[in-house]
Amino acid sequence: MSYDIVIAGLGAVGSAAAYHLAGRGLRVLGLDRYRPPHALGSSHGGSRVIRETAFEHPRYVPLARLAYESWRRLERDSGEALLHVTGVLFVGSAESPLIAGTLASAREHGIPHELLEAGDIAYRFPALQRLDDAVGVFEPGGGWLDPERCVAESLRLAGERGVTLRFEEAIERWEPDGDGVMVATARDRYRARRLLLAAGPWMPELLGGAGGPLSVERQVQHWFTPATADAARLPIFIRQVPEGVFYALPPAGGDIKVAVHHSGAATTPATVDRHVSTEEIGRVRALLERYAPALGGDHRRAAVCLYTNSPDGHFVIDRHPAHPAVVVASPCSGFGFKFASAVGEILAALLQDRPPGVDLAPFRIGR
């Protein structure tokens with residue numbers, strides 16, 4: 001069977017690409033080894049932070065702005081509320097990568113923000129403790145996305161607009177076929193003029209060494225009930241402390257989601273341990289008791305998530321170095337979901353051999 005485009009992986013990025021390719025008169029096939037949205041990859045957990053600032057590098061700000069526009073377009077098309085602007089607070093020492101990077105991106109791109117001293121933070125947000133020499137940056141335009149609904153609505157609209165979606169059908173292998181690609185699954189073989197590899201933590205096995213040494217990291221998300229009423233006054237926050245960077249999304253439905261950024265062990269999707277130990281829960285509880293005790297009530301549940309990381313911690317968005325009919329998208333490294341709508345729009349352009357509208361040089365495989 002022949003298609004113009006085959007998409008491997010229908011999580012955050014693959015579903016967004018399917019949505020942006022739909023209704024353009026193209027024969028598009030989307031494949032996923034499970035039935036998204038699911039909890040086995042990187043696009044689950046009920047909430048994901050979105051922000052215009054980028055402590056990772058100011059180059060992400062234009063991509064974030066495009067993402068806001070694309071998420072709002074998906075909201076209009078779907079009739080669903082997906083992006084919730086609540087404000088995001090960054091807390092750390094003035095020299096920390098979190099604060100220095102956030103301020104650099106905000107100042108370079110003129111992003112509205114408020115700089116807070118430790119006393120200001122303590123007064124406005126008494127739930128945060130041990131501020132010492134900390135400063136804060138409050139970004140009023142930040143907020144959170146509903147990842148499962150974003151994926152579900154992207155796929156629903158893509159399917160309604162002509163994209164063929166096949167779930168529980170994973171790509172087993174692919175190979176060049178003339179000026180296109182042959183894709184094999186356990187059920188069938190498909191020929192495509194273009195192939196998009198957007199399989200998240202399954203990317204290392206699909207790419208081999210061609211995409212560079214991508215690695216997969218086990219992450220754990222935790223949900224706690226608030227311990228005191230001060231928790232209700234907190235916005236979403238990201239805080240850098242000596243133990244690392246942790247973040248919390250205060251309750252949208254009662255419980256508070258807490259996780260430590262880049263704290264996990266190397267793993268693979270096939271071997272990941274999805275059991276969360278009492279020791280792991282205890283380490284996160286100790287962080288809350290020290291820095292935000294108002295959040296540390298009863299531990300309600302936990303979920304394992306997978307980061308797909310590049311060696312330098314930045315995105316990979318490029319054509320395959322040996323096979324230009326194949327487009328590679330692994331824009332993860334632990335902070336990719338917020339950008340998925342924009343990356344899907346960029347990928348749709350690349351797959352149609354159109355200019356992406358964004359400078360992709362920093363995201364090339366061979367950078």
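Let's start with two helices that pack together, α1, residues 12-21, and α5, residues 147-160: their axes lie 8 Å apart, at an angle of about 30 degrees. Angles under 35 degrees count as roughly parallel, so α1 is roughly parallel to α5. This is a predicted model, by the way. The crossing of α1 past α5 is left-handed. If you'd like to find the contact, look on the α1 side for Ala12, Ser15, Ala16, Ala18 and Tyr19; they meet Val151, Ser154, Leu155, Leu157 and Ala158 of α5.

Now over to α7, residues 278-291. How far apart should the ends of its 14 residues be? At 1.5 Å a residue we expect a span of 20 Å, and the end C-alpha atoms are indeed 20 Å apart, so the two agree. Buried in this helix are Glu280, Ile281, Val284, Leu287, Leu288 and Tyr291. They cover an arc of only 120 degrees around the axis, and therefore sit on the same side of α7. Remember that an α-helix has 3.6 residues a turn, so residues three or four places apart point the same way. What do the buried residues of α7 pack against? Strands β13, β14, β15, β16 and β18. On the face turned away from that buried side you'll see Thr278, Glu279 and Glu289, which are exposed.

Last stop, α3, residues 97-109. Its 13 residues should span 18 Å, and the end C-alpha atoms are 18 Å apart, in agreement. Leu98, Ile99, Gly101, Thr102, Leu103, Ser105 and Ala106 are buried here. Their cover includes helix α2 together with β5, β6, β7 and β14. Right after α3 comes Gly110, with a positive phi near 65 degrees.

Definitions and conventions: Residues numbered from 1 in each chain as written. Predicted model: local features only at pLDDT ≥ 70, side-chain atom pairs only at ≥ 80, totals over all residues. Heavy atoms only, no water. Helix = DSSP H or I, 4+ residues; strand = E, 2+ residues; numbered from the N terminus. Expected span 1.5 Å × (residues − 1). Buried < 20%, exposed > 50% of the residue type's maximum accessible area, 1.4 Å probe, protein only. Arc of directions from axis to C-beta. Contact = heavy atoms within 4.5 Å. Axes fitted to C-alpha atoms, helices over the stretch in contact; angles between N-to-C directions. Parallel < 35°, antiparallel > 145°, perpendicular 65-115°, else oblique. Left-handed = near helix turned anticlockwise from the far one by under 90°.
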